[in-house]
Amino acid sequence: MSGDAAGVSARVALHGDLLDFGGAPGWGEVETPAVRWRPDHWLLIEGGRIVSVQAEAPDEGWARHDHAGRWILPGFIDTHVHSPQLDVIASYGTELLDWLTTHTFPAEARHADRPHAEASAALFLDAMLAHGTTAAVVFPTVHAQSVDALFSAAETRGMRIVAGKVLMDRNAPDDLRDDVDVAEKEMEALIGRWHGKGRLAYAVTVRFAPTSTPAQLALAGRLCAADPSLYMQTHLAENRAEVAWVRELFPEARSYLDVYARAGLLHARSVFAHGIWLEDADRAALAVAGAQIAHSPSSNLFLGSGLFGWRAAEAAGVEVSLATDVGGGTSLSMLRTMADAYKVQALAAERLTAWKALHAATRGAAEALGLGAEIGSIEAGAAADVCVWEPAVGPVAARRHEVARTLHERVFAWMTLGDDRNLVETYVAGRSMYVRDASLRSE
Ligand code: GUN
Ligand code: ZN
């Protein structure tokens, strides 16, 4: 981790080609007024916030950083990722339910050890920053101390993190199960310690319907009803065997989503990972509630879960954000995630534009989380969570970049060929928190 204490109050100016969105691009539109492309501009940061964007260079009262020819974008927002799962990323040979028991639960159980939980949280957040992600909705583990470790590490780094203790009181190993009373006490204490502290927010975190009893789901719903500022995150309809299991466990529910709806867990601050195996009635219910789906294409491909129907979700009015779902997903890179999202749509004969993908990883995610004024855009007043990118790294990408005829072609090639190697620098609330080449740092 890097960054300086003076950075927050310093006046910093970044020069480069600024790319973000003023609105939402439509499906299939490669030319859209939603894109804001401001080449050769200066981004002025003071007190951790963006104060202006201008074509003229600012005076010498600003620490000026010239990134001519590089792109400056809002930091990415990963709306579904598991901080304890770096140890199981790229684990061979299983679909979801076997993957959980074979690989994932043992790795999460190790977070009962506090030093391990602290080291794991620090490694995870530094890796996010090194991939250009400055905000995330995160699953730690069932252990309250894993939540403390994650929030505390996020606070140190100034990151915008939404997280909560994972609820699991059945169908899980002994060392990962809680119960309703313990969960209630731990959640109350964690919410008191962290919710609304700086840039942190608490999410009532149900792992997924099969690992919570109806009593625990009801507790989660009561908490959401008692404080509408809390988020809720869980998994939904990811894998066919999982969906069949939920049908057995909750025969009274109309669908998997309905299990959550009946418990009071379907609302505007709900983030549902995956949502692959849904019916039209589910998409309609998600849209009415204003809930979002965190589409996780890398994970869906790696675990063989299925192909997400983004177009159908869009047509129904459901908000869709993008997520890595590491360790089911195989990279923390939101660029790789966008590339995978394009390929998933291609298999369904649909075309995902670079704009649609990039919007879902920035402004779209921010708005779906109710954080549009703070993150996801390069706008005066927003937090200065921004990243500087190389549009092309290596001879193949450089050649493709050179021959591209339109901005969409260039951005699409960047999202398809790029990854963390394209990242030059990451700023969080105006502080430089990652730099590819330390000799570039001039603060
Ligand atoms: N469903 C329940 N838990 C998990 C998890 O950790 N990862 C994924 N991808 N799906 C889940
Ligand atoms: Zn997940």
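**Exercise 1.** In this predicted model, find how far a polar side-chain atom of Glu-238 lies from a nitrogen atom of ligand 1, and decide which other side chains make polar contacts with a nitrogen atom of ligand 1.

*Solution.*
- Step 1. The polar side-chain atom of Glu-238 is 2.7 Å from a ligand 1 nitrogen.
- Step 2. For Asp-325, an N or O atom of the side chain also lies 2.7 Å from a nitrogen atom of ligand 1.
- Step 3. For His-235, the distance from a side-chain N or O atom to a nitrogen atom of ligand 1 is 3.4 Å.
- Step 4. The cut-off for a polar contact is within 3.5 Å, so Asp-325 and His-235 both qualify, as does Glu-238.

**Exercise 2.** State how much of ligand 1 the protein buries, and what space ligand 1 takes.

*Solution.*
- Step 1. Ligand 1 taken alone exposes 280 Å².
- Step 2. The protein buries 100% of that area.
- Step 3. The space that ligand 1 takes is the largest cavity.

**Exercise 3.** Describe the shell around ligand 1 by class and by the element that gives the largest share.

*Solution.*
- Step 1. Residues around ligand 1 include Trp-99, Arg-207, Phe-208 and Ser-299.
- Step 2. The shell divides into 4 nonpolar, 5 polar and 3 charged residues.
- Step 3. Helix H1 (residues 96-109) supplies the largest share, 3 residues.

**Exercise 4.** Count the aromatic pairs, then classify the pair of Phe-76 and Trp-389.

*Solution.*
- Step 1. The count is 11 aromatic pairs.
- Step 2. The ring centres of Phe-76 and Trp-389 are 5.6 Å apart and their planes stand at 45°, so this pair is tilted.
- Step 3. Because Phe-76 belongs to strand E5 (residues 76-82) and Trp-389 to strand E14 (residues 386-389), the pair ties together parts 313 residues apart in sequence.

Definitions and conventions. Residues numbered from 1 in each chain as written. Chains lettered and ligands numbered in written order. Predicted model: local features only at pLDDT ≥ 70, side-chain atom pairs only at ≥ 80, totals over all residues. Heavy atoms only, no water. Near = heavy atom within 4 Å. Polar contact = N/O pair within 3.5 Å; in protein donor to acceptor, adjacent residues only side chain to side chain. Areas by Shrake-Rupley, 256 points an atom, 1.4 Å probe, with all protein chains shown as cover. 1 Å grid on protein atoms, 1.4 Å probe; cavity = no way out; pocket = protein on both sides within 12 Å on 5 of 7 lines; lining within 4 Å. Sits in = over half its atoms within 2 Å of the grid points. Helix = DSSP H or I, 4+ residues; strand = E, 2+ residues; numbered from the N terminus. Nonpolar A, V, L, I, M, F, W, Y, C, P; charged D, E, K, R; others polar. Phe/Tyr/Trp six-rings, centres within 6.5 Å; stacked < 30°, edge-to-face > 60°.
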